[in-house]
Amino acid sequence: MKNQLRLLPFLVLFLTACASMNDKMTPSVTVIKDQFDGSVIVRQEPVSAASSLSEGWHTLGFEWTQNHPDVVFLQVGVSGVTNVMGVAFNVDGEIIENISKASTLTKYGNWSTRRLVMSYADFEKVARGKDVKMKVMQIDEYSVSSFGAANSGAIVNSKFEPFLDELWKARNG
């Protein structure tokens, strides 16, 4: 027992290092200028939006463009070949369902994704929520994943603040 207690600090350090390395190996926020009209685009490529393996295996990416300053485009994904029909969020008990399809295309492959659009105000609620449930709807079923401060295992948690920081800079010059 005494030897096991000696190993405990090393185990905690190892798990912490693995978690931070996982975050470093995922895509970070990028800021680009549109080659067509010079407008600013702030983009976070999709990352895991599930805090545990027992939840729906979802990804979430987001993008803001200077040409559409009041909305954020979402890229919602599920594992496998399926039709992603929509998404809804439960943010600390508040249901957000007014999320529109931005395109009719669902990409297939190892991940099926759909591009959707929601208001900037609702996106900020999702980004700052403590307990967020994401419901991804398919043709005849849905699955749920969770993230936010109360659900620390989701990689997407660490992506919101840098995205919002860059978005604030882009919006306020």
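The largest nonpolar core of this predicted model has 34 residues. Leu60, Leu74, Phe89, Phe123 and Phe147 have the most contacts inside this core. Strands E2 (40-48), E3, E4, E5 (86-91), E8 and E9 (132-137), together with helices H2 and H3, each supply at least two of its residues.

Leu60 is one of the residues with the most contacts inside the core. Not counting residues up to four places away in sequence, Leu60 touches Glu45, Pro46, Val47 and Ala49, as well as Leu74, Gln75 and Val76. Its remaining partners on that count are Met134, Phe147, Val156 and Phe160.

Two strand pairings involve E4, as tabulated here.

| Strands | Sense | Bridges | Opposed residues |
|---|---|---|---|
| E3 (residues 58-65) and E4 (residues 68-79) | antiparallel | seven bridges | His58 and Val78 |
| E4 and E8 (residues 111-119) | antiparallel | nine bridges | Gly77 and Thr113 |

E3 and E4 also form a hairpin, with two residues between them.

The helices H2 (residues 120-128) and H3 (residues 157-172) have axes that come within 10 Å and cross at roughly 145°. This crossing of H2 and H3 is left-handed. On the H2 side the contact is made by Tyr120, Phe123, Val126, Ala127 and Arg128. H3 contributes Phe160, Glu161, Phe163, Leu164, Leu167 and Arg171. By class, the contact of H2 with H3 has eight nonpolar and three charged residues, and no polar ones.

Two residues link these descriptions. Phe123 takes part in the H2 contact with H3 and is among the residues with the most contacts inside the core. Phe160 of H3 belongs to the helix contact and is also touched by Leu60.

Notes. Residues numbered from 1 in each chain as written. Predicted model: local features only at pLDDT ≥ 70, side-chain atom pairs only at ≥ 80, totals over all residues. Heavy atoms only, no water. Axes fitted to C-alpha atoms, helices over the stretch in contact; angles between N-to-C directions. Helix = DSSP H or I, 4+ residues; strand = E, 2+ residues; numbered from the N terminus. Left-handed = near helix turned anticlockwise from the far one by under 90°. Contact = heavy atoms within 4.5 Å. Nonpolar A, V, L, I, M, F, W, Y, C, P; charged D, E, K, R; others polar. Pairing = 2+ DSSP bridges. Core = buried A, V, L, I, M, F, W, Y, C linked by side-chain atoms within 4.5 Å. Buried < 20%, exposed > 50% of the residue type's maximum accessible area, 1.4 Å probe, protein only.
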